[in-house]
Amino acid sequence: MDISSVSPGYPSGSSKPQQSADPDSQIRSLEQKLRTLQDEKQKAVQNKDEEKRKKIEKQIREIEEQIQRLKQQEKKQETVSKTPEPQRADAGNAVDTYA
């Protein structure tokens, strides 16, 4: 497999990961690419192709960073969705002063 055919998770011409899919599916996709790259790296090591190994290691680092960012993003979203709305101090204790 040619490593140039394995993208680092970015759509063509973009420097950011796609935001349309949920973080879980993006993480799974990136983890699959990571496994593929690790296999390719192993082959490069066996073939003593240092240049290819270095390129693959760079791609691996980039994907690992993407995965970490997505996991942090997912954790923030979980925290926000679990945070209850703050109660107003006067909620439920309103007095109609004009009655």
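Which side chains meet in a salt bridge at 2.5 Å, N to O? In this predicted model, the pair is Arg-53 and Glu-50, and the account below follows that contact into the salt-bridge network around it and then into the packing of the two helices concerned.

## The salt-bridge network

The structure holds 6 salt bridges, and a network of such bridges links Lys-41, Glu-50, Arg-53 and Glu-57. In general terms, side chains of opposite charge can pair when their charged atoms come close. The three pairs discussed here are set out with their N to O distances.

| Pair | N to O distance |
|---|---|
| Arg-53 and Glu-50 | 2.5 Å |
| Glu-57 and Arg-53 | 2.7 Å |
| Lys-41 and Glu-57 | 3.4 Å |

Lys-41 and Glu-57 form a salt bridge in which the closest N and O atoms are 3.4 Å apart. Because Lys-41 lies in helix α1 (residues 23–46) and Glu-57 in helix α2 (residues 50–82), this pair ties together parts that are 16 residues apart in sequence. The other two pairs belong to helix α2: Arg-53 and Glu-50 are 3 residues apart there and are separated by about one helical turn, while Glu-57 and Arg-53 lie 4 residues apart, again about one turn of the helix.

The members of the network are not uniform in how they meet the surroundings. Arg-53, with a relative accessible area of 17%, is buried, as the cut-off for that class is under 20%. Its partner Glu-50 counts as partly exposed at 42% relative accessibility, and Lys-41 is likewise partly exposed, with a relative accessible area of 27%.

## Helix α2 and its packing against α1

Helix α2 has 33 residues, which at 1.5 Å a residue should span 48 Å, and the end C-alpha atoms are indeed 48 Å apart, so the expected and computed values agree. The buried residues of α2 are Arg-53, Ile-56, Gln-59, Ile-60, Ile-63, Gln-66, Ile-67, Leu-70 and Glu-74, and what covers them includes α1.

Two packed helices are described by the angle between their axes and the distance between the axes. For α1 and α2, the axes come within 9 Å and cross at roughly 160°. Angles over 145 degrees count as roughly antiparallel, and the two helices are therefore roughly antiparallel to each other. The crossing of α1 and α2 is left-handed.

What separates Arg-69 from Ile-27 in sequence and in space? The two residues are 42 residues apart in sequence, yet their C-alpha atoms are 9.7 Å apart. Arg-69 lies in helix α2 and counts as partly exposed, at 42% relative accessibility.

## The loop between the helices

Where is Lys-48 placed? Lys-48 sits in the loop between α1 and α2, and its phi is near 55°, a positive value in a residue other than glycine. At 73% relative accessibility, Lys-48 counts as exposed, whereas Arg-53 in the salt-bridge network is buried.

Taken together, the picture is of two helices, α1 and α2, that are roughly antiparallel, with the salt bridge between Lys-41 and Glu-57 tying parts of them together and with Lys-48 in the loop between them.

Note on methods: Residues numbered from 1 in each chain as written. Predicted model: local features only at pLDDT ≥ 70, side-chain atom pairs only at ≥ 80, totals over all residues. Heavy atoms only, no water. Salt bridge = Lys/Arg side-chain N within 4 Å of Asp/Glu carboxyl O. Buried < 20%, exposed > 50% of the residue type's maximum accessible area, 1.4 Å probe, protein only. Expected span 1.5 Å × (residues − 1). Contact = heavy atoms within 4.5 Å. Axes fitted to C-alpha atoms, helices over the stretch in contact; angles between N-to-C directions. Parallel < 35°, antiparallel > 145°, perpendicular 65-115°, else oblique. Left-handed = near helix turned anticlockwise from the far one by under 90°.
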